[in-house]
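Me: I'd like to go through this one with you, piece by piece. Can you take my questions as they come?

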Amino acid sequence: MQLDEFIEGFERDEAAERRRLAAEKSYAITDHLEDVERQFEEVVQGDSLFGSTAPEIFVGRSGYPNVSTGLLSPVDTDAAAEGFATSSEWYQQGLGIEDVLQRRTGMVNSTQSTAVDSVSTKGGVHDVWNGFVGVQREVAIADRPVDVEIGLDGTPQMDVGFDDVRTPTGPRARATGADLAENPHVPRAVEKTLSDDDWRAEGAMTYLYRRGFDVYDINTILSAGALGQASERSLVPTRWSITAVDDTVGQYVRGTLRNADTLDKPELWYNEYMGNRYWVVLAPGRWEFELVEMKGPQSVWNPRPDAGYFLASAHEGYEGRTAYVEETAGAYYAARLGVLDHLRERDRQAKCLVLREITDDYWAPVGVWQVREGIRNAFDGEPGTGQSFREVLSAISDQLPVGLGQLRRKSELVAGLQSQLSDF
């Protein structure tokens with residue numbers, strides 16, 4: 001498809017653009033929390049909560065290495081528990097921000113405080129399959145929801161925990177203990193990684209990815225301390241495990257493409273999701289990647305209305321990165337994996353520039369899963385094609401919320417075209 005035809009699809013819905021944030025943020029979440037409180041009173045039997053739990057856990061990072069670790073259980077015992085766990089299906093189902101918040105606030109996070117090395121076999125002191133942490137691990141490695149009975153101490157705190165990387169968490173209650181009400185079903189590939197006490201975590205992660213496990217499953221297993229050499233296994237805070245898996249799997253996929261042919265011509269792909277607009281530019285050449293985030297005034301991460309757009313970026317060349325990304329954090333690794341998944345399907349390598357505009361329609365952070373899925377699904381359909389990277393940037397310049405001069409000062413890939421950009 002020619003670039004001018006492709007750009008026509010970018011015309012904005014002006015009515016939607018002018019929606020006020022107050023109208024977008026309805027009272028549905030408040031009403032939902034009130035329903036959750038009522039449901040909680042109905043399902044608590046004495047000091048216990050019995051019901052199916054999604055195959056998902058939560059490990060906090062505050063106070064590390066002594067952290068809060070929890071089981072996430074839907075309060076509505078009639079609901080399909082698997083729908084509460086973060087997955088790529090949320091994008092396919094068209095979930096919006098309110099939908100995600102309703103699902104996450106509909107789960108009780110039953111927690112205990114524990115040391116991260118409580119899952120380690122170091123010194124033979126701990127038995128990883130016993131107690132609350134053992135039940136948590138059983139839930140994490142299962143491939144379907146597991147019935148559990150959880151002992152609680154007091155009523156839940158009806159607060160919602162937000163983060164730019166992980167998915168929100170809902171009401172929190174202190175757990176006195178937990179017991180399995182059934183035997184979990186564990187995939188054979190996961191059993192294999194568990195049984196090998198000498199397998200490093202990175203190798204186990206890529207093995208599971210090659211066997212068809214998505215990063216959502218892998219980061220839950222890693223977070224529960226079920227991957228890696230036995231003496232080194234430990235609980236991993238959920239925020240860290242998400243980024244660790246995206247980074248590790250991304251490095252593996254990049255390695256498989258080192259000798260792949262490059263694209264024949266520059267391509268432009270586009271997607272919108274949850275108030276985020278994504279332009280993905282792929283150009284012929286050896287692997288190179290950059291994410292530039294353009295954070296709009298009054299958006300979640302740029303609250304000052306007079307500040308204009310705030311730009312953040314991170315870049316890597318053919319050999320990859322050696323340091324953690326600070327400015328764009330987990331979004332960088334999630335976006336990079338989305339691009340690499342696409343290139344792996346085509347067995348091609350390319351230079352890649354991802355431009356992410358964060359508008360005020362993204363009124364609550366729901367985690368980097370939406371970045372990953374927004375990029376993965378940007379490659380549906382047909383791209384716009386041009387003759388050069390420069391031509392593609394010129395074509396989308398009117399669609400960007402910042403000028404190319406400002407973008408050039410922040411982007412290494414765009415700065416490389418500095419001499420030509422004066423022609424714009």
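Reply: Sure. First a term: buried means under 20% relative accessible area, exposed over 50%, and partly exposed in between, with a 1.4 Å probe and protein chains only. This is a predicted model, where local features need pLDDT of at least 70, side-chain atom pairs count only at pLDDT 80 or more, and totals for chains, interfaces and linings use all residues. Residues are numbered from 1 along each chain as its sequence is written, and side-chain values use heavy atoms, with hydrogens and water left out.

Me: What percentage of the protein chain counts as buried?
Reply: The chain has 424 residues. Going by the cut-off of under 20%, the buried part is 56%.

Me: How many helices and strands are there?
Reply: Both are DSSP runs numbered from the N terminus: helices are H or I with at least four residues, strands are E with at least two. On that count the protein chain has 17 helices and 15 strands.

Me: Which strand pairs with S14 in the antiparallel sense?
Reply: Two strands pair if DSSP finds at least two bridges between them. S11 (residues 288–295) runs parallel to S14, joined by 8 bridges, with Glu-290 opposite Leu-353. On the antiparallel side, Trp-279 stands opposite Leu-355 in S14, and the partner, over 8 bridges, is S10.

Me: How many residues of S14 are buried?
Reply: S14 covers residues 351–358, which makes 8 residues. The strand is mostly covered, and the buried count is 7.

Me: What span does H11 reach from its first C-alpha to its last?
Reply: H11 (residues 238–256) has 19 residues. The expected span of a helix is 1.5 Å times one less than its number of residues, and for H11 that comes to 27 Å. The model is close to it, at 27 Å.

Me: Which helices are among the elements that cover the buried residues of H11?
Reply: Those buried residues include Ile-242, Val-249 and Val-253. Strands S3 and S12 are part of the cover. The helices there include H9, H10, H12 and H13.

Me: Which residue in the loop between S9 and S10 has a positive phi?
Reply: The residue is not a glycine, yet its phi is about 50 degrees. At 10% relative accessibility it counts as buried. Its name is Met-274.

Me: Which residue does a cis peptide bond join to Tyr-64?
Reply: Omega is about 15 degrees at this bond. The partner lies in the loop between S3 and S4 (66–74). That partner is Pro-65.

Terms used. Contact = heavy atoms within 4.5 Å.
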